[in-house]
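Trainee: I am new to this structure and would like a close look at a single part of it. Please take me through one strand and the loop that follows, and then show me how that part sits in the whole.

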Amino acid sequence: MLPETALTNVLLSNTAITSVVASRVSPVAVRAATALPAITYARQSGSRDYTFDGKAQASVTLSVTAWASDWLTARTVADLARAALDKYTSDTIDMSTVSDGSDTYDPDAAAYGCTLLITMSYEEV
């Protein structure tokens, strides 16, 4: 399972998050017609450490940005996402950790964004 798929599943299965953003979780950008608040995610970087048996321990960093028409709502949604994703593990994800990213404002969309950096570690075969 791709880390992006795992991330989306975690966010959309969390009722505290979906009560605010519904199903508005999408890759890379919020579409112009999308209501706010919403969450976007994008792959920032990745690395692999190979073992002698040919397996790779991979690590991917994803940015997750909560968007809203006011900063407090964006920060609240980002905090909900942080709580859901920090220390997340599954059958395919060994561990995920969360760091704070920067806050932003998009004047064209009149939207505030609060970003988290999610690092997911997993084994590739």
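Mentor: Keep in mind that this is a predicted model. Residues 24 or more positions apart account for 56% of the contacts in the chain with a separation of 6 or more. That figure is for the chain as a whole; the part to look at is strand β1 and the loop after it.

Start with the order of elements. The chain has 3 helices and 5 strands, and from the N terminus they run α-α-β-β-β-α-β-β. The radius of gyration is 15 Å, close to the 14 Å that the globule rule gives for 125 residues, so the chain is as compact as a globular protein of that length. Along the principal axes, the C-alpha atoms fill a box of roughly 50 × 25 × 25 Å.

Now find strand β1, which covers residues 25-27 and contains S26. A polar atom of the S26 side chain lies 3.3 Å from the backbone oxygen of A29. Once neighbours within four places in sequence are set aside, S26 is in contact with I39, T40 and Y41. Strand β2 spans 38-50.

Between β1 and β2 runs a loop, and V28 is found in it. V28 is not a glycine, yet its phi is positive, at about 70 degrees. V28 is also exposed, with a relative accessible area of 62%. The loop between β1 and β2 holds P37 as well. The peptide bond from L36 to P37 is cis, and its omega is near 5 degrees.

For a second case of positive phi, turn to the loop between β4 (95-106) and β5 (111-124), where A110 lies. A110 is likewise a residue other than glycine, and its phi is near 50 degrees. With a relative accessibility of 39%, A110 counts as partly exposed, whereas V28 counts as exposed.

Finally, set these residues against the whole chain. Of its 125 residues, 37% count as buried. The accessible surface comes to about 6,800 Å², and carbon and sulfur atoms make up 53% of that. As for charge, the chain carries 8 positive and 14 negative side chains, and the centres of the two sets lie 3 Å apart.

To retrace the part you asked about, begin at S26 in β1, pass V28 in the loop, and go on to the cis bond from L36 to P37. From there, look at I39, T40 and Y41, which are in contact with S26.

Key
Residues are numbered from 1 along each chain as its sequence is written. This is a predicted model: local features need pLDDT of at least 70, side-chain atom pairs count only at pLDDT 80 or more; totals for chains, interfaces and linings use all residues. Side-chain values use heavy atoms; hydrogens and water are left out. Helices (H or I, at least four residues) and strands (E, at least two) are DSSP runs, numbered from the N terminus. The radius of gyration is taken over C-alpha atoms; the globule rule is 2.2 Å times the number of residues to the power 0.38. Buried means under 20% relative accessible area, exposed over 50%, partly exposed in between (1.4 Å probe, protein chains only). Contact means heavy atoms within 4.5 Å. Accessible areas come from the Shrake-Rupley method with a 1.4 Å probe; for residues, only the protein chains shown count as cover. Lys and Arg count as positive and Asp and Glu as negative; His and the chain ends are not counted. The place of a charge is taken as NZ of Lys, CZ of Arg, CG of Asp or CD of Glu. A polar contact is a pair of N or O atoms within 3.5 Å; within protein, one must be able to donate a hydrogen and the other to accept it, and residues adjacent in sequence count only if both atoms are side-chain atoms.
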